[in-house]
Amino acid sequence: MEPIRVLLAKVGLDGHDRGVKVVARTLRDAGMDVIYSGLHRTPAEVVTAAVQEDVDVLGVSLLSGVQLTVFPKIFALLEEHGARDMIVIAGGVMPDEDVVELKKMGVAEVLLQDTTPDKIVATLKRLVTERGAR
Amino acid sequence: MNKPTDFPTGSSDDLGALRQEVKDWEANEVAAFIRKQEERKEAFFTAGDFPVKRTYTAADIADTPISDIGLPGRYPFTRGPYPTMYRSRNWTMRQIAGFGTGEDTNQRFQYLIAQGQTGLSTDFDMPTLMGYDSDHPMSEGEVGREGVAVDTLADMEALFDGIDLEKNSVSLTINPSAWILLAMYIVLAQKRGYDLHKLSGTIQADILKEYMAQKEYIFPIAPSVRICRDCITYCAQHMKRYNPINISGYHISEAGGSPIHEVAFTLANLIVYVEEVTKTGMHVDEFASRLSFFFVCGSDFFEEIAKLRAVRRCYAKIMKERFGAKNPDSMRLRFHCQTAAASLTKPQYQVNVVRTALQAMAATLAGCQSLHTNGYDEAFSIPTEEAMKMSLRTQQVIAEETNITQVIDPLGGSYYVEAMTNEYEKKIFEILADVDARGGTIKLIEDGWFQRHLADFAYETVLRKQSGEKPVIGVNCFLEEGSDPDIHVHPYDQSTADRQIARTRRVRAERDPVKFAQLLEKLVEVAKDDQQNIMPITIELVRAGATMGDIVETLKKIWGTYRETPVY
């Protein structure tokens, strides 16, 4: 089976990268193909990269509170690229009501702080299995 | 160096007898107990991975010169920077605040002062921290969200309206764009007719730890360090009571570093700043007394106290021995402390009050000069007024009810704390020697060396939480079924950006465009000549209505920007 391909991204001005780097390493150690965007990316840069790299999962980490600004843009851009079936996950620190909003928008999972590595790996595997072959 | 003194057992005969007794105790009482019941672990370690013994005795600190422990307010300041410490005045209770516009944060300041807070500390929003105006496309959604938005002098005036800046010390938590904020603060003070030499306060302006840890940077390293140098030399001449830099370990810790990474890497950064300033011809004693520091106080109670005592001692030795300081004020490390935000949990969030109280207790036992205690809601969002009141009350309980403020460095002389202080000192100097041998701090930042250490420790911490080796109540042990009590989190006012942008546009419309253009040309000239100080022209610019974005975008064209190669 092909390894799961993941793009992890930091969007906006937020510099908190502790969590996203732990996730990158966790997924890499689990045998997935992981690309990490680095800091301060725009939604357009991230979606373009995700489409070009043909990833299964796009993960966006935010600890700056701008989730309800960023994710609608990401989904609109995915739509434009005809990639609305890409699995999108969120990570970081955010209030519960925002988690509810993100899920309504189409975010498949929100991995908050203190999610264990095993849970992160299992979640991505499950999401890709549920999506089925492309 | 000081000659080792037998301490405190007196003669070497006593010491020999003590060591023999410890062996005897291990072989008899301890061994007998362990046969009945094993200890919980084969080996015990601090949160920072230092091995710890079963107990400590006088033999463990016998090699420590008495003079290394010393007295409060005396070299090497292990026991505190001042001879009377909290017997004269408690630490400054300095809760950070910032959200919305200047007016919004001003209200929070007034509230905290009314609740008994004794100093102010300002958190800025991401666009301000990164040098973007509020109407820049990169600022969308971020204006006034995680801190207060400041684009122009008019915002600064709103922020400190009605607050006496000669009476209140103000901390500004900002880095790559710090010097512009400092310029605004200076112009505000001048407009109000204050004597700049009477202003006490601190601007963080510690760019090196940004490249290592917090990752708020704009320009490449060389011009960024030059800006820090310019802040330090400007303040040494014009603002004698102002701390022009707050060399910070806190973010190194929050970004995943261990306690030893925090203090050793902070001192590695200190060395760069002192070298840069002394290259201008300024003697270390002309500016070092205003260097200030910022550390976390994490959860390993005694380790944190030892860490903070050790960093004071190492600083004193570095300033005296490496930089030739003669004035004791240049050797006295003063620090702000904050409890560890990364230790807070979302599940059972009320427990965060207890975590924070214990960390604050350690910070004060370690002799901090000012303290921010985190809000119980900070695993959700920036804190509410109620959460900040609870945090402030936590400090007030420690200060007023526990009596720990009566005796200075009450843990001084504890065999364990002194032994761990020694361990920390030894390891700090080993790391600093390693940094020197590998080509110095700036080269190692570019190599990702520090970043690798932080990423590795962060990853190990996650694995230890998963395995349960690092217990976290509510996360990997003592879990509860059902949900926590409802929490009210800080709301974001959607009108913030509109209100903020309207003021910024008004300032741009009202300024004299000819004068503004001339000043920007002068800025370019100063920026290209790194022998000049960038502060005076920046002060003129902000007085003439320049926005932060005007200044930063102009300089980006000359200096370029920084992008890191991530290490993970």
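**Entry 1: helix H2 of chain A**

I began with the packing of H2(A), whose buried residues pack against strand E1 (5-10), strand E3 (57-62) and helix H3 (67-80) of chain A. The model I am reading is predicted. I then listed the buried residues of H2(A), which covers residues 43-52, and found A:Pro43, A:Val46, A:Val47 and A:Ala50. Viewed down the axis of H2(A), these residues fall within an arc of 95°, so they line one face of the helix. I also checked the backbone just after H2(A), where A:Asp54 takes a positive phi of about 50°.

**Entry 2: overall form of chain B**

I turned to chain B and counted its secondary structure: 21 helices and 12 strands. Its radius of gyration is 25 Å, close to the 24 Å that the globule rule gives for 568 residues, so chain B is as compact as a globular protein of that length. I noted the extents of its C-alpha trace along the principal axes as about 85 × 60 × 45 Å. Of the 568 residues in chain B, 50% are buried. I also looked up how far apart in sequence the contacting residues lie. Among contacts in chain B with a separation of 6 or more, 78% join residues 24 or more positions apart.

**Entry 3: the nonpolar core**

Which residues have the most contacts inside the largest nonpolar core? I found A:Val6, B:Trp179, B:Leu181, B:Ala183, B:Cys231 and B:Leu267, in a core of 189 residues. Helix H10 of chain B, residues 259-278, gives the most to this core, with 11 residues.

I followed B:Trp179 further, leaving aside its neighbours within four places in sequence. The residues in contact with B:Trp179 are then B:Ala205, B:Ile227, B:Asp230, B:Cys231, B:Ile534, B:Met535 and B:Thr538. B:Cys231, one of these partners, is itself listed with B:Trp179 among the residues with the most contacts inside the core.

**Entry 4: where chain B touches chain A**

I closed with the contacts between the chains: 32 residues of chain B are in contact with 26 residues of chain A. On the side of chain B that touches chain A, helix H4 (126-130) and helix H17 (449-467) each supply at least two residues. Which helix gives the most to that side? I recorded H17(B), with 7 residues. Sorted by class, the side of chain B that touches chain A has 16 nonpolar, 6 polar and 10 charged residues.

Notes: Residues numbered from 1 in each chain as written. Chains lettered and ligands numbered in written order. Predicted model: local features only at pLDDT ≥ 70, side-chain atom pairs only at ≥ 80, totals over all residues. Helix = DSSP H or I, 4+ residues; strand = E, 2+ residues; numbered from the N terminus. Rg over C-alpha atoms; globule rule 2.2 N^0.38 Å. Buried ≥ 20, exposed ≤ 12 C-beta atoms within 10 Å, placed from the backbone. Contact = placed C-beta atoms within 7 Å. Arc of directions from axis to C-beta. Core = buried A, V, L, I, M, F, W, Y, C linked by C-beta atoms within 7 Å. Nonpolar A, V, L, I, M, F, W, Y, C, P; charged D, E, K, R; others polar.
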